Amino acid sequence: MTTLIESEEHQALREAVAALGKRYGRDYIATVIAENRHPQELWLEAAKLGYLGVNLPEAYGGGGGGIAELSIVLEELGAAGCPLLMMVVSPAICGTVIARFGTEAQKLTWLPALASGTRTMAFGITEPDAGSNSHRITTTARRDPDTGDWLLTGRKVFISGVDIADATLIVGRTEDSRTGRLKPCLFIVPRDTPGFTRHRIDMELTAAEKQFELTLDDVRLPADALVGDEDAGLLQLFAGLNPERIMTAAFAIGMGRYALTQAITYARDRTVWSTPIGAHQAVAHPLAQAHIDLELARLMMQKAAHLYDAGDDAGAGEAANMAKYAAGEACVKAVDQAVHTLGGNGLTREFGLGSLITAARVARIAPVSREMILNYVSHQTLGLPKSY
């Protein structure tokens with residue numbers, strides 16, 4: 001049975017991660033971006049303290065916790081102004097999928113390294129012509145009848161951190177010998193595999209993590225590159241997608257909290273007439289509303305994480321989608337109101353809010369758009385007919 005009050009262990013984790021985030025902060029991330037590099041120092045320190053692999057099994061070097069704990073880590077780093085986007089991908093998606101479905105060899109190879117931060121893994125599902133429709137994925141995998149190897153061909157787009165990742169967990173499709181239909185499967189593709197190439201996408205988004213388009217041209221992989229059961233299909237895929245939505249919510253909530261904190265501090269100190277601007281309801285009420293929305297989104301995120309960690313994949317799917325939706329909306333509104341509260345200062349580099357205007361929209365768009373979540377809730381939760 002879950003509780004609306006966080007446990008003492010979770011509260012202690014929040015405080016510890018917040019202290020780590022405070023030592024780095026927004027200035028650190030700004031420096032990393034300016035120097036065009038990965039936030040390696042923070043990544044490795046978070047790993048050393050046990051935060052990066054807190055959701056991974058203890059037997060493989062992790063903390064033995066779940067997505068509930070990992071989401072706390074990402075939220076608190078975000079609230080300090082130094083979120084680690086690759087946490088959504090490497091330990092949450094890839095680590096979870098390998099821990100649940102990987103072979104013993106895959107677990108031994110990847111999980112301790114993901115937990116220690118010495119290796120990272122990217123995740124490739126989105127395609128140029130598929131978008132949110134995973135049923136239109138055209139990246140295909142076929143067996144070489146002579147060797148038993150897999151041959152992958154296709155394209156992926158908007159894949160984060162491929163340049164720093166040691167491998168990418170690629171979603172492809174194989175043919176079901178019984179029905180002839182294509183079914184999703186997951187493959188570990190090492191970064192330097194022949195035929196696996198990347199092209200950086202020039203983004204307006206200001207972030208340390210880069211976005212890439214990938215091309216797989218008859219990429220040859222050994223038989224053991226397949227993760228899990230070839231016939232498990234969607235079960236394994238959503239084992240990664242639900243944590244992705246929960247962690248995206250954590251990312252958004254943390255960002256919204258950071259922006260709101262800057263606005264509150266400014267509104268308390270900034271005096272134009274005889275009182276601080278925060279005394280005026282036109283300033284105070286929108287900030288209060290933003291805080292309420294972020295708190296409500298966090299409650300749904302905690303519910304989703306609890307359901308997922310309890311093994312309720314169906315329940316977690318619904319809650320994770322709603323948490324991601326609520327957090328994305330709350331984040332955009334919080335950032336917008338924070339910038340507005342600071343006026344012209346909200347667009348200066350000194351306060352670090354202007355770049356968040358673009359970053360906040362990511363939570364509305366990725367990994368699934370707000371409209372597709374509304375579609376999901378319409379027909380899965382409310383039982384309304386599908387429109388597509």
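Strand S3 (residues 150–160) is mostly covered, with 8 of its 11 residues buried. Here, buried means under 20% relative accessible area, exposed means over 50%, and partly exposed lies in between (1.4 Å probe, protein chains only). Strands (E, at least two residues) and helices (H or I, at least four) are DSSP runs, numbered from the N terminus. The model is predicted: local features need pLDDT of at least 70, side-chain atom pairs count only at pLDDT 80 or more, and totals for chains, interfaces and linings use all residues. Residues are numbered from 1 along each chain as its sequence is written, and side-chain values use heavy atoms, with hydrogens and water left out.

S3 has strand S2 (residues 140–143) as a partner. The two run antiparallel and are joined by 4 bridges. Two strands pair if DSSP finds at least two bridges between them. One bridge sets Arg143 against Trp150 in S3. S2 and S3 form a hairpin, and 6 residues lie between them. Gly148 sits in the turn and has a positive phi of about 85°.

S3 also pairs with strand S7 (residues 211–221). These strands run antiparallel, and 8 bridges join them. Gly154 has Leu216 in S7 as its bridge partner. Asp218 is found in S7 as well. Its phi is near 50°, a positive value in a residue other than glycine. Asp218 counts as partly exposed because its relative accessibility is 39%. In a regular strand, side chains alternate between the two faces of the sheet.

Strand S5 (182–190) is also well covered. Of its 9 residues, 7 are buried, so S5 is largely enclosed by the rest of the structure. Strand S4 (residues 167–175) pairs with S5 in the antiparallel sense over 9 bridges. Leu169 stands opposite Ile188 in S5. S5 also pairs with strand S8 (residues 226–227), again in the antiparallel sense, over 2 bridges. In that pairing, Phe187 has Leu226 in S8 as its bridge partner.

A loop follows between S5 and strand S6 (196–200), and Gly195 is found in it. Gly195 has 29% relative accessibility and therefore counts as partly exposed. Gly195 and Asp229 are 34 residues apart along the chain, and their C-alpha atoms are separated by 25 Å.

The helices were examined next. The axes of helix H7 (residues 281–309) and helix H8 (residues 313–342) come within 8 Å and cross at roughly 160°. H7 is therefore roughly antiparallel to H8. Axes are lines fitted to C-alpha atoms, for helices over the stretch in contact, and angles run from 0 to 180 degrees between N-to-C directions. Angles under 35 degrees count as roughly parallel, over 145 as roughly antiparallel, 65 to 115 as roughly perpendicular, and the rest as oblique. H7 passes H8 in a left-handed crossing. A crossing is left-handed if the near helix is turned anticlockwise from the far one by less than a right angle, and right-handed if clockwise. By class, the contact of H7 with H8 has 21 nonpolar, 3 polar and 4 charged residues. Ala, Val, Leu, Ile, Met, Phe, Trp, Tyr, Cys and Pro count as nonpolar, Asp, Glu, Lys and Arg as charged, and the others, Gly among them, as polar.

Helix H1 (residues 8–34) and helix H2 (residues 40–48) have axes that come within 11 Å and cross at roughly 165°. H1 and H2 are therefore roughly antiparallel to each other. H1 passes H2 in a left-handed crossing. The loop between H1 and H2 holds Asn36. Asn36 has a positive phi of about 55°, although it is not a glycine.

Helix H10 (residues 370–381) contains Val377. Val377 counts as buried because its relative accessibility is 17%. The C-alpha atoms of Val377 and Met322 are separated by 8.0 Å, and the two residues are 55 apart along the chain. Pro367 is found in the loop between helix H9 (354–365) and H10. The peptide bond from Ala366 to Pro367 is cis, with omega near -5°.

Taken as a whole, the protein has 10 helices and 8 strands. Its radius of gyration is 21 Å, close to the 21 Å that the globule rule gives for 388 residues, so the protein is as compact as a globular protein of that length. The radius of gyration is taken over C-alpha atoms, and the globule rule is 2.2 Å times the number of residues to the power 0.38. Along the principal axes, the C-alpha atoms fill a box of roughly 80 × 50 × 40 Å. Of the 388 residues, 51% count as buried.
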